[in-house]
Amino acid sequence: MKKLNFASDYTEGAHPKIIEALVSTNLYKTSGYGTDEFSEEAREKIRLACECSDAEIHFLSGGTQTNMTVIDALLRSYEGVIAAETGHISTHEAGAIEFCGHKVLTIPHTLGKINAEQIEKFMQSFLADGNREHTVFPGAVYISQPTEYGTLYSLSELQKLSEACKKYGLRLYCDGARLAYALGSKENDVTLPDLARLCDVFYIGGTKCGTLFGEAVVITEKGLIPHFFTTVKQHGALLAKGRIAGLQFNMLFTDNLYEKIGSPAVEAADRIKEALVKKGYTLFFDAPTNQIFILLDDKKYESLSEKIIMSFWEKPDESHTAVRIATSWAITEQDIKDIIDVF
């Protein structure tokens, strides 16, 4: 029996509308590096969706490249970035931020989230340190929407974080690798215009949300990062065939596809969670997006691992393992039925 694959949300290729557009324009000759007409059209659609007419939009190759490029561009050489200890830049990016010369200043989390009070406390402690000139200065705050735990920042939480950052002159940067799944959640109250209003920079994830590859960086204030195009190239994240990324986002922002594409995955996750709880399984914690976290005894984990590709999450004790199952924009009714049956 072939294993069911629920390891992540980027195991499939791309949305059919994107594939159709790529095929139909395959032999077009366009200028490179994102200066083509498809990319320009995508930028204008994203500005409209974000209600941010002055936004600078750049298409980068992937999530890690995006995080390291943006954070490096936002910070001075002696500055670091505040992030949850579970943040992607803190755990699963192979030290990419540190490789660029910036320390990730980690703080405790609550199901992946940090809050304005923590930023206040961190900054007050930093400013009270008589030796701070010998230390790494905090220059930005990194969050993700959704978080690594599939949880969501509410509009109120994001507003308070933004206010705290402005108070202390910190840039607020939001990683939107799975942003479509946040927008597709019934519990979400943060819109694209909210992100554009409250963050200095954020990115709209494509790789995990229906594209073959690529992320769209939104710099909400024109000129905030001088020569960002050159910085992208310096970090190896600039695509010569930029029109491939631009065209994909052009399609994602046609007829509000991006704001709809995550909903099937979230709805599927809810159905799977409900069925598994009815079968007697215990959720490690409940997340409102497309990631399901389940607590299994080790024997059950071993037997299920023979049938399902899942992501190891953590080992809370000697006899249990927490795992993650991720649904995607491409999930089918048969996928849902199969995983419920196997459990």
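Student: In this predicted model, which strands does helix α3 lie across, and at about what angle does α3 run to β6?

Tutor: Helix α3 covers residues 63-74. The strands beneath this helix are β2, β3, β5, β6, β7 and β8. Against β6, the direction of α3 is about 175°.

Student: Which strands does helix α2 lie across, and at about what angle does α2 run to β2?

Tutor: Helix α2 takes in residues 37-50. It lies across β2, β7 and β8. Its angle to β2 is about 125°.

Student: What are the edge strands of the sheet?

Tutor: The open sheet has 7 strands with mixed pairing, in the order β2-β8-β7-β6-β5-β3-β4. An edge strand pairs on one side only. The two that do so are β2 (56-60) and β4 (104-107).

Student: How many bridges join β6 to β7, and which residue in β7 stands opposite Y173?

Tutor: Strands β6 (171-175) and β7 (201-205) run parallel. The bridges between them number 2. Opposite Y173 in β7 stands V201.

Student: Which element supplies the largest share of the lining of the largest pocket?

Tutor: The largest pocket holds about 330 Å³ of space. Its lining has 16 residues, with H88, H92, E148, W313 and R324 closest to the centre. At least two lining residues come from each of α4 (88-91) and β12 (311-317). The largest share, 4 residues, belongs to β12.

Student: How many residues of that lining are nonpolar, polar and charged?

Tutor: The lining of the largest pocket can be divided by residue class. The division is 4 nonpolar, 7 polar and 5 charged.

Key
Residues numbered from 1 in each chain as written. Predicted model: local features only at pLDDT ≥ 70, side-chain atom pairs only at ≥ 80, totals over all residues. Heavy atoms only, no water. 1 Å grid on protein atoms, 1.4 Å probe; cavity = no way out; pocket = protein on both sides within 12 Å on 5 of 7 lines; lining within 4 Å. Points joined across faces, edges and corners; volume = space filled by probe spheres on them. Nonpolar A, V, L, I, M, F, W, Y, C, P; charged D, E, K, R; others polar. Pairing = 2+ DSSP bridges. Contact = heavy atoms within 4.5 Å. Axes fitted to C-alpha atoms, helices over the stretch in contact; angles between N-to-C directions.
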